[in-house]
Every structure is written in C-alpha cells, then in structure tokens.
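Hi everyone, and thanks for coming. I'd like to walk you through a structure that is probably new to most of you, so please have a look at the screen.

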Amino acid sequence: MLRVLSLCCWTFLVWVLLTWTSMAETLLFGAGIAVAAAVALAPLGDVVRPWRLLRPRRLATVVRLALVAAGQVVTANLRLSRRIWAPSRPLRSGMVVAPTHATSDGGLAAVGLLTSVIVDNQLVDVDRFDRRLQYHAVAVPEGDPEQVREAINGPVERLVGRLEDERRTER
C-alpha cells in the first residue's frame, strides 16, 4: 500500500509539472491517472518515498541540484542566443564521449536527463559497463576526458552522487 501511495504522489507530481495548470478538472483527471498508473506500476519494484525529500540534508542537496541545473540551463541558453545573433563565431559542434562516475542505473539516468536539459549537450548514448556518456555538443569542450566530464556532467553528477550516498546511508 505504501508503494502505491508513493507512486501515486510521484505520478501526480509529474502530471502537475507536465500540465502546469490549477484547473480542478485537470487536477482530478491527473489524480485518477496517477492512481491508475500507481496501481499498474506497484508490482514492478520498490519506490523512493517522496516525503524523504523533506529531510534537511537531502532537501538541501536537491535544491542545490535544481539551482546548478537551472544556472547551467540559463548560461547555455545565453551562449546559444549569442551564437545565433553573432553567426560569425566559430561553431565547433560534434560528438563527445564523457566519462562518468555514476554507478547505479538511477544515477546514470538522472545525470543523463539533467544534462540533456541543458541545450549545449544532448545525451545520445549511455555505456553502463565502461561508464561513459556520449553527447552531441553544440560546442565540444577541449581537454582530456576528465576535463570533458567536468565541463559537461561533472557538477550535476556530484550532486546526484551525493543524493545516492544519502539514500544508501538511510538503509
């Protein structure tokens, strides 16, 4: 029952974020979809309880992660706007492989999704076994693989790793 309740909370949150409305009919419909999805997905495995986000250390890390990602999104959009308005700037787009320190499937998914929101780099492929992420980059960063990782996925990866560490210590 706790698993269904947790899934219901998460799916309803996703519904609210996707629809971004406060109309009663839309919220009620979303609640119904959330319940149906939660019941259907509950047998697939355990779910992180959404109220665990309210723990002070975890909440601080999540807020920091949101701020870092938002800051990178704004910076990347400004760089892209500048590139569009000044097309004479050299364009060094291409594919780049960045190593990752994320080890869990959830960590890899979070790092891949969050770094793909930033318009500079779009995740193309994940190599779980060799721990590498392949991106299509608007501007390919220079340097060795560790410098590329630091430029693309390092800041987000550290915060996601901290969240995973906190989750492991709670068990």
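Here is something to look for straight away: across which strands does helix H4 lie? Helix H4, residues 105-117, lies across S2 and S3, and the helix runs at about 160° to S2. Please keep in mind that what you see is a predicted model.

Let me step back to the overall layout. The protein chain has six helices and three strands. If you read along the sequence, the pattern is α-α-α-β-α-β-β-α-α. For a sense of scale, the C-alpha trace spans about 55 × 40 × 30 Å along its principal axes.

Now to the sheet. The three strands form an open sheet in the order S1-S3-S2, with antiparallel pairing. Strand S1 (94-99) and strand S2 (121-127) stand at the edges with a single partner strand each, so one side of each has no neighbour in the sheet. From one strand to the next, the twist averages 25°.

Let's look at the pairings. Strand S3, residues 132-137, pairs with S1 in the antiparallel sense over six bridges. S2 and S3 also pair in the antiparallel sense, over six bridges. A good residue to find on your screens is Gln134 in S3: Gln134 is the bridge partner of Val97, and Asp125 stands opposite Gln134 too.

What about the hairpin of S2 and S3: how many residues lie between the strands? There are four, and in this hairpin Arg131 takes a positive phi near 55°.

We have already met H4 against the sheet, and there is another helix to point out. Helix H5, residues 145-152, lies across S1, S2 and S3, running at about 100° to S1.

On to the pockets. The largest pocket holds about 1,100 Å³ of space. Its lining has 30 residues, and those nearest the centre are Trp10, Val48, Leu53, Gly106 and Ala110. The elements giving two or more residues to this lining are helix H1 (2-19), helix H3 (56-85), H4 and helix H6 (154-170). Which element gives the most to the lining of the largest pocket? That is H1, with seven residues. By type, the lining of the largest pocket divides into 20 nonpolar, five polar and five charged residues.

The second largest pocket has a volume of about 240 Å³. Here the lining has 15 residues, with Arg79, Ile118, Asp120, Asn121 and Ala151 nearest the centre. H3 and H5 each supply at least two residues of this lining, and H3 gives the most, with six. The residues lining the second largest pocket divide into eight nonpolar, four polar and three charged.

One last topic: the cysteines. A disulfide is a covalent bond between the sulfur atoms of two cysteines. How many disulfides does a search of the whole structure find? The search finds zero. Why is there no bond from Cys8 to the closest cysteine sulfur? Because that sulfur, in Cys9, is 6.2 Å from the sulfur of Cys8, which is too far for a bond. Seen from the other side, Cys9 is in no disulfide either, with the sulfur of Cys8 as its nearest cysteine sulfur.

To wrap up, if you take one picture home, let it be the open sheet in the order S1-S3-S2, with H4 lying across S2 and S3 and H5 across S1, S2 and S3. Thanks for listening!

Key:
Residues are numbered from 1 along each chain as its sequence is written. This is a predicted model: local features need pLDDT of at least 70, side-chain atom pairs count only at pLDDT 80 or more; totals for chains, interfaces and linings use all residues. Side-chain values use heavy atoms; hydrogens and water are left out. Two strands pair if DSSP finds at least two bridges between them. Axes are lines fitted to C-alpha atoms, for helices over the stretch in contact, and angles run from 0 to 180 degrees between N-to-C directions. Contact means heavy atoms within 4.5 Å. On a 1 Å grid over the protein atoms alone, a cavity is a set of points where a 1.4 Å probe fits but cannot get out, and a pocket is an open set with protein on both sides within 12 Å along at least five of seven lines; lining residues have an atom within 4 Å of a point. Grid points are joined across faces, edges and corners, and a volume is the space filled by probe spheres set on the points. Ala, Val, Leu, Ile, Met, Phe, Trp, Tyr, Cys and Pro count as nonpolar, Asp, Glu, Lys and Arg as charged, and the others, Gly among them, as polar. A disulfide is a pair of cysteine sulfur atoms within 2.5 Å.
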